[in-house]
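Hello again, notebook. Today I am going through one model with a few simple lookups, and I am writing down what I find as I go.

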Amino acid sequence: MSDCLFCRIVAGEIPSTKVYEDDTVFAFRDIAPQAPTHILVIPKVHIPGCDGVTAENSALVAHIFEVIPAIARAEGLTGGYRVVSNCGPDAGQTVPHLHFHILGGKPLTLEMA
């Protein structure tokens, strides 16, 4: 989608600090981090959010969850980390493109959930 912020990041139209990329997944540092490590992991194809996950694209989501621990290890998150996906505006989703936040680098409180 040409007007999607994350699609434009994947396309290289908007700069980001990439931490991981393969044929289907892109991960980059959040520009407003909520923890010392705050990385967004997104599919390269546009999926509007959790409600857009289907039988046809669920293997991509499974792959993302294979990539997340590798990113966490590479970032040195040995004490644990949190994975968050906000689904819809009432949950705080501000970019309508499926994405997962990796948060870590310090003990996280429940208030950060």
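**Ground rules.** I count two strands as paired if DSSP finds at least two bridges between them. Helices (H or I, at least four residues) and strands (E, at least two) are DSSP runs, numbered from the N terminus. I note that this is a predicted model, in which local features need pLDDT of at least 70, side-chain atom pairs count only at pLDDT 80 or more, and totals for chains, interfaces and linings use all residues. Residues are numbered from 1 along each chain as its sequence is written, and side-chain values use heavy atoms, with hydrogens and water left out.

**Entry 1: the sheet.** I started with the strand order. I found 5 strands in an open sheet, ordered β1-β2-β3-β5-β4, with antiparallel pairing. β1 and β4 are the edge strands, and each of them pairs on one side only. I also looked up the twist: neighbouring strands of this sheet are turned by 20° against each other on average, with direction ignored. For such angles, axes are lines fitted to C-alpha atoms, for helices over the stretch in contact, and angles run from 0 to 180 degrees between N-to-C directions.

At one edge, β1 and strand β2 (residues 25-29) run antiparallel and are joined by 3 bridges. Here I see E21 standing opposite F26 in β2. Helix α2 packs on the sheet and touches β1, β2, β3, β4 and β5 (contact means heavy atoms within 4.5 Å); the direction of α2 makes about 155° with that of β3.

**Entry 2: strand β5.** Which strands does β5 pair with? I find β3 paired with β5 in the antiparallel sense over 5 bridges, and strand β4 (residues 81-84) paired with β5, also antiparallel, over 4 bridges. I102 turns up in both lookups: I102 is the bridge partner of I39, and I102 is the bridge partner of V83.

Next I checked accessibility, where buried means under 20% relative accessible area, exposed over 50%, and partly exposed in between (1.4 Å probe, protein chains only). Why do I call β5 largely enclosed by the rest of the structure? Because 5 of the 5 residues of β5 (residues 100-104) are buried. A general reminder to myself: in a regular strand the side chains alternate between the two faces of the sheet. In β5 both faces are covered, with F100, I102 and G104 buried on one side and H101 and L103 buried on the other.

**Entry 3: salt bridges.** My criterion is a side-chain nitrogen of Lys or Arg within 4 Å of a carboxyl oxygen of Asp or Glu. The structure holds 4 salt bridges. One of them joins the side chains of E13 and R8 at 3.0 Å, N to O; R8 is partly exposed at a relative accessible area of 32%.

How are K18, E21 and K44 linked? They belong to a network of salt bridges. K18 meets E21 with the closest N and O atoms 2.9 Å apart, and E21 meets K44 with the closest N and O atoms 2.8 Å apart. Since E21 lies in strand β1 (residues 18-21) and K44 in the loop between β3 (37-43) and α2 (58-74), the E21 and K44 pair ties together parts that are 23 residues apart in sequence. I looked up the accessibility too: K18 is partly exposed at 48%, E21 is partly exposed at 37% and K44 is partly exposed at 23%.

**Entry 4: aromatic rings.** I pair rings of Phe, Tyr and Trp (its six-membered ring) if their centres lie within 6.5 Å; planes under 30 degrees apart count as stacked, over 60 as edge-to-face and the rest as tilted. My search of the whole structure gives 3 aromatic pairs. F26 and F28 make a tilted pair, 5.9 Å centre to centre with 40° between the planes. Both rings belong to buried residues, F26 at 6% relative accessibility and F28 at 4%. F6, F26 and F28 form one aromatic cluster.

What of F65 and F100? Their ring centres are 5.0 Å apart and their planes lie at 75°, so I log this pair as edge-to-face. The F65 and F100 pair links distant parts of the chain, with F65 in helix α2 and F100 in strand β5, 35 residues apart. F65 is partly exposed at 41% relative accessible area, whereas F100 is buried at 7%.
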